Each structure stands twice: as C-alpha cells, then as structure tokens.
Amino acid sequence: MSQLVASELSCIKQDRVLFDNLSVTLSAGQLVHLRGPNGAGKTSLLRILAGLSAADSGHISWQNQSLGSDYFTQLVYLGHKNGLNLTLNAIENLYYWCAQHGVKISSAQLYDRLAALELTGLETLPVKALSAGQQRKVALARLWLKPAMVWLLDEPFTALDIRTIGMLENALNNFVTQGGAVMLTSHHVMTSAVGKVQSLDLEYRW
C-alpha cells in the first residue's frame, strides 16, 4: 500500500509557529480534508508535502524512502493559484506542463479533455481572456492528464460552476476508489459523491 508519511513537522513563518510536532499519514484509498482558519498553515503544509517548501523540522517519506523522483512522478499538486502562463492558450499551457512532467500527450487528447470541461471553442484563446472559472478548469485538467497516486489540492473548487464541481467530486471519488490518495483544502461543502472523507484540523496559533 502506497503511503506518504510526515513525522513531527514544524513550520514557522515570520516568527509565528504555524504548527509543530505534526505527524500525518496519507495512504492509498484515503481522502483527507485539511481544515482550519486562514493562517493556520494549510497551504504551507500542502507545499511542504509537495516538496515545494521545506519544513523547519521533521521528515517526510514516500514508500519508506525520502522524497525523490519516485514520489514526484506519482504526484499532482494544484495550488490555490492556477500556475498558468496567461499569455499562452489552454492547449499550450497544458502541453508544456505535460512536457515538464514527462507526460506524453497528443493535441487530440488535450482538446478532448478541454471539451469534457466544457471549454470547446476557447482552447486557443490566451488564458488571460478566460474567466476565473474557466482558468480554474484549465488548471484542473492536469488531474486527468498525468497518471498519479497522490493529489495535493489547495482549494480546487474555487470559482467552479455547479456542473464542474460535480465532475470534480466524482473524479475525487474515482481516484480514491482506484487506490489514489488525496489531501485537499476547501471551503466548499463536499457532497456524498466524493465518498468517505477524513478530516485533519489545524488551529490558528498566535
């Protein structure tokens, strides 16, 4: 069983301790909702687990090994920002992202994925011309493009319409049912469509 294990993590920002001695295990088939008020360290924890930021102390392992290429090839991280080049179009953004992550993809596959997200006719417009919800859809398309075992998602439901929210909830359920592991933050109240959800609560510390 695949496992991401974080042991005794601490994170300090501007002399304020966000969390310390935090240990968490994310296993295959598990969806964890990371909860807490603004400033509690939710985004910081996701970035640490994604290898984008360093913890001030503690250790993280994947399959009993320190984080390395074996982990990063199995990870999709989606931040609260979309990570899109606004001057490029949706196809170009996704093509370059796939290339960076070693995913071989055809233009037809990219068009099909964007069509599934109801972006037909918008594929070649500069991303800056799209609405906030449409830009979020382009970012979310990555979830369907890269085979992975771990999704770390920071507010993935932001700006989405009801139909796309339902699509994402179903995708989360399918991913976990097939052995994937998810940790996400969200102010969206998820429905039963996502399946079983476990919670990890962080508190704001002065």
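**Two pockets between two domains**

The lining of the second largest pocket holds eight nonpolar, two polar and one charged residues (nonpolar: Ala, Val, Leu, Ile, Met, Phe, Trp, Tyr, Cys, Pro; charged: Asp, Glu, Lys, Arg; polar: the others, Gly among them). The model is predicted, with local features needing pLDDT of at least 70 and side-chain atom pairs pLDDT 80 or more, while totals for chains, interfaces and linings use all residues. Numbering runs from 1 along each chain as its sequence is written, and side-chain values use heavy atoms, without hydrogens or water.

Stay with this second largest pocket (an open set of points on a 1 Å grid over the protein atoms alone, where a 1.4 Å probe fits, with protein on both sides within 12 Å along at least five of seven lines; lining residues have an atom within 4 Å of a point). Its space is about 200 Å³ (filled by probe spheres set on points joined across faces, edges and corners). Among its lining residues are Trp144, Lys146, Trp151 and Phe175. Helix 6 (142-145) and helix 7 (162-177) each give two or more residues to this lining (DSSP runs of H or I, at least four residues; strands are E, at least two). Domain 1 (1-74 + 148-206) and domain 2 (84-146) each supply at least three (bounds from an automatic or database assignment).

Now turn to the largest pocket. Its volume is about 230 Å³. It has 15 lining residues, and Leu52, Tyr77, Leu78, Trp97 and His101 lie nearest its centre. Strand 6 (residues 75-78) gives the largest share of the lining, four residues. By class, eight lining residues are nonpolar, four polar and three charged. Why does the largest pocket lie between domain 1 and domain 2? Because both domains give residues to its lining.
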